[in-house]
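Visitor: I have a model here and want to go through its helix packing. Start wherever you like.

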Amino acid sequence: MDPENEKHITQARESDSQNVYIEDILKKHLNVAVLSTIRNNSMSGQDIAKELFFKHRVYISPSAIYSILYALKDQNLLEIDTVKGDLRTKYYVPTEIGRQIIDIRLREFKEALEYFIICIDK
């Protein structure tokens, strides 16, 4: 993780009110958080839950994450991979078209947030 981003995340955790907003935003936009976490990595649902907790200090139920992963797989944005010798753990990998759509969805979400922030500042 980039040290500058890590510093920003640490500062964000210092305020309880900020933590409430971070948790609220993360839970309401869990699909975006999952997409941003998995877009460049092959990960299991458990790995995603751990990563989100590490980054944001918010516990997300793996079942909530898996429901998103299943929906993304049904949309052909993700495919399942397994590791040799461990057929029980499923790793979710973006398909080629999935990577493109994930990037589009993340960009659109970011633009919407930027618009909202501009409106707040006015």
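Visitor: What is the handedness of the crossing of helix 4 and helix 5?

Guide: Helix 4 and helix 5 cross in a right-handed sense, where right-handed means that the near helix is turned clockwise from the far one by less than a right angle, and left-handed that it is turned anticlockwise. Helices (H or I, at least four residues) and strands (E, at least two) are DSSP runs, numbered from the N terminus.

Visitor: And which residues make the contact?

Guide: Helix 4 contributes Gly-45, Gln-46, Ile-48, Ala-49 and Leu-52, and helix 5 contributes Pro-62, Ile-65, Tyr-66 and Leu-69. Contact means heavy atoms within 4.5 Å.

Visitor: Before I go on, what kind of model is this?

Guide: This is a predicted model, in which local features need pLDDT of at least 70 and side-chain atom pairs count only at pLDDT 80 or more, while totals for chains, interfaces and linings use all residues. Residues are numbered from 1 along each chain as its sequence is written, and side-chain values use heavy atoms, with hydrogens and water left out.

Visitor: Fine. Back to the pair: at what angle do the axes of helix 4 and helix 5 cross?

Guide: They cross at roughly 120° and come within 9 Å. The axes are lines fitted to C-alpha atoms, for helices over the stretch in contact, with angles from 0 to 180 degrees between N-to-C directions. Helix 4 and helix 5 are therefore oblique to each other; under 35 degrees would count as roughly parallel, over 145 as roughly antiparallel and 65 to 115 as roughly perpendicular, with the rest oblique.

Visitor: Take helix 5 alone. Which of its residues are buried?

Guide: Pro-62, Ile-65, Ile-68, Leu-69 and Leu-72 are the buried ones in helix 5. Buried is under 20% relative accessible area, exposed over 50%, and partly exposed in between (1.4 Å probe, protein chains only).

Visitor: Why are they on the same side of helix 5?

Guide: Around the axis they cover an arc of only 125°, so they sit on the same side of helix 5. The arc is that of the directions from the helix axis to the C-beta atoms. As a general point, an α-helix has 3.6 residues a turn, so residues three or four places apart point the same way.

Visitor: What covers that side, and what is on the face turned away from it?

Guide: The cover over the buried residues of helix 5 includes helix 3 (30-38), helix 4 (45-56), strand 1 (78-83), strand 2 (86-94) and helix 6 (96-121). The face turned away from the buried side carries the exposed residues Ser-63 and Asp-74.

Visitor: How many residues does helix 5 have?

Guide: Helix 5 (residues 62-74) has 13 residues and reaches 18 Å from its first C-alpha to its last, close to the 18 Å expected at 1.5 Å a residue. The expected span is 1.5 Å times one less than the number of residues.

Visitor: Leu-69 came up twice. What is it in contact with?

Guide: Setting aside neighbours within four places in sequence, Leu-69 is in contact with Val-34, Ile-38, Gly-45, Ile-48, Leu-78 and Tyr-92. Leu-69 is buried, with a relative accessible area of 0%. Its C-alpha is 9.3 Å from that of Ser-44, and the two are 25 residues apart in sequence.

Visitor: Now helix 4. Which residues are buried there?

Guide: Gly-45, Ile-48, Ala-49 and Leu-52 are buried in helix 4. Seen down the axis, these residues fall within an arc of 100°, so they line one face of the helix. Among the elements covering the buried residues of helix 4 are helix 2 (16-28), helix 3 and helix 5.

Visitor: What follows each of the two helices?

Guide: Helix 4 is followed by Arg-57, with a positive phi near 55°, and helix 5 by Asn-76, with a positive phi near 65°. Arg-57 is not a glycine, and neither is Asn-76.

Visitor: Are those two buried, partly exposed or exposed?

Guide: Arg-57, in the loop between helix 4 and helix 5, counts as partly exposed at 44% relative accessibility. Asn-76, in the loop between helix 5 and strand 1, counts as exposed at 52%.

Visitor: Which residues does Thr-95 touch?

Guide: Not counting residues up to four places away in sequence, Thr-95 touches Asn-76, Leu-77, Leu-78 and Glu-79. Thr-95 is in the loop between strand 2 and helix 6 and counts as buried at 15% relative accessibility.

Visitor: Last one. What pattern does the chain follow?

Guide: Along the sequence the pattern is α-α-α-α-α-β-β-α, which comes to six helices and two strands. Buried residues make up 27% of the 122 residues in the chain.
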